[in-house]
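Got a minute to poke around a model together? Here are a few questions to work through with the structure open.

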Amino acid sequence: AVAALVILVPPLAFGQPWDTWVYRGLALLLIGCPCALVISVPASIASALSTGARRGLLMKGGAVIEAAAKVNRVAFDKTGTLTHGRPVVTDVVTFGEATEAEVLAVAAGVETGSSHPLAIAILARAKAAGIAALPSKDAKALMGKGVVATVGDAPAWVASPRFAMDNGGLDGLGLRQATIFEEDGKTAVAVFREKVPLGLIAMRDEPRKDAPDAVRQLKAMGVSSVILTGDNPRTAAAIAGSLGMEFQADMMPEDKLNAIRKMAEAGGVMMIGDGINDAPALKQASVGVAMGSGTDVALETADAAILRDRVTDVAASIRLARAAMANIRQNVTIALGLKAVFLVTSVLGLTGLWIAILADTGATVLVTLNALRLLRFNPEREG
């Protein structure tokens, strides 16, 4: 429409020569072609995705990069995310006439076939002690509470001390012992049959070595971090205290979901998790990130994945996303800036059609080259 006005108005209204204004109108049409603007965003996104993939940072498209760049809070699951997810049994306490072998045999029977880190630790301890798991069937996960299965001819549970206390599987003395374990940063589970406490198994899962550095990097970037865990407050406090983080404990999957929803009201939030319990929160977060060693459900639900299982890659992902968005803004500025300059000069007759062609092609080349700079960007480098 503007080009048509440039062609028609001067000759008809002011008696200007047609060839001059037709020429300028054609130059205006050429300059108005949005080639550089159209390619400026996808070129930057493609470069950022490629850079991330080469460093084990997978993101599912440009929308994820845009959301990650706006993140101001990161929520971490604990087990398998901030910690290695490979807990080791440290203590076995028996109750009544039960023996350590019986406690481990029943617990191993309940946990047979499970891929949960705590289950793997119990099965490993039983195997190392030469104790065979009792035959079991009908195992069922109690979301956020434990596991129940028919072991032998009767049901047996491996569950949290709180659940055991509420269901006759732990008495006051046993609860105090579980509390002592938890204050030492260990995770305690109760093993019991119907109203019959058998024992406690305590496990410790050490934080990943790079977790403190990851929290420091996030803080330097203006991003706060918090732990959301189903563990008890004492165990969570021991881990959070060593990392200098806030925490929320005793959380069921729906509690994590609600916490993420509340955080999202104050700005972009990223959730880092690895398990089935984390899937709803990963979906709810502005950006859900799964650890590469996580469950298939977590990886499928998440918007991004950290394949190298390094906590510092969380900061690297945000750093890469911010660099990509800055690159996009530069490209848009270059594309629109050159268009604006040559639109004016073409209308005034200062530049002709061939210069307009060079300007249009040149803008496309410039934004492409600028986007390719992201291929050399190192998101692991601070500053």
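**A helix and a strand trio**

Q: How far does helix H16 reach from its first C-alpha to its last?
A: This is a predicted model. H16 covers residues 353-372, so at 1.5 Å a residue its 20 residues have an expected span of 28 Å. The reach in the model is close to that, at 29 Å.

Q: Around how wide an arc do the buried residues of H16 lie?
A: The buried residues are Ala356, Ala359, Asp360, Ala363, Val367, Asn370 and Ala371. In an α-helix, residues three or four places apart point the same way, because there are 3.6 residues a turn. The buried set sits on the same side of H16, within an arc of only 105°.

Q: Which residues are exposed on the other side of H16?
A: The buried residues of H16 are covered by parts including helices H2 (18-32), H3 (35-54) and H15 (312-347). Flip to the other side, and the exposed residues there are Trp354, Leu358 and Leu369.

Q: Which residue is the bridge partner of Trp157 in E7?
A: E6 and E7 pair in the antiparallel sense over four bridges. Trp157 lies in E6, and across in E7 its bridge partner is Phe192.

Q: Is the aromatic pair of Trp157 and Phe192 stacked or edge-to-face?
A: The two ring centres are 5.1 Å apart, with 5° between the planes. Planes under 30 degrees apart count as stacked. Both Trp157 and Phe192 are buried, and their pair is stacked.

Definitions and conventions
Residues numbered from 1 in each chain as written. Predicted model: local features only at pLDDT ≥ 70, side-chain atom pairs only at ≥ 80, totals over all residues. Heavy atoms only, no water. Phe/Tyr/Trp six-rings, centres within 6.5 Å; stacked < 30°, edge-to-face > 60°. Helix = DSSP H or I, 4+ residues; strand = E, 2+ residues; numbered from the N terminus. Buried < 20%, exposed > 50% of the residue type's maximum accessible area, 1.4 Å probe, protein only. Arc of directions from axis to C-beta. Contact = heavy atoms within 4.5 Å. Pairing = 2+ DSSP bridges.
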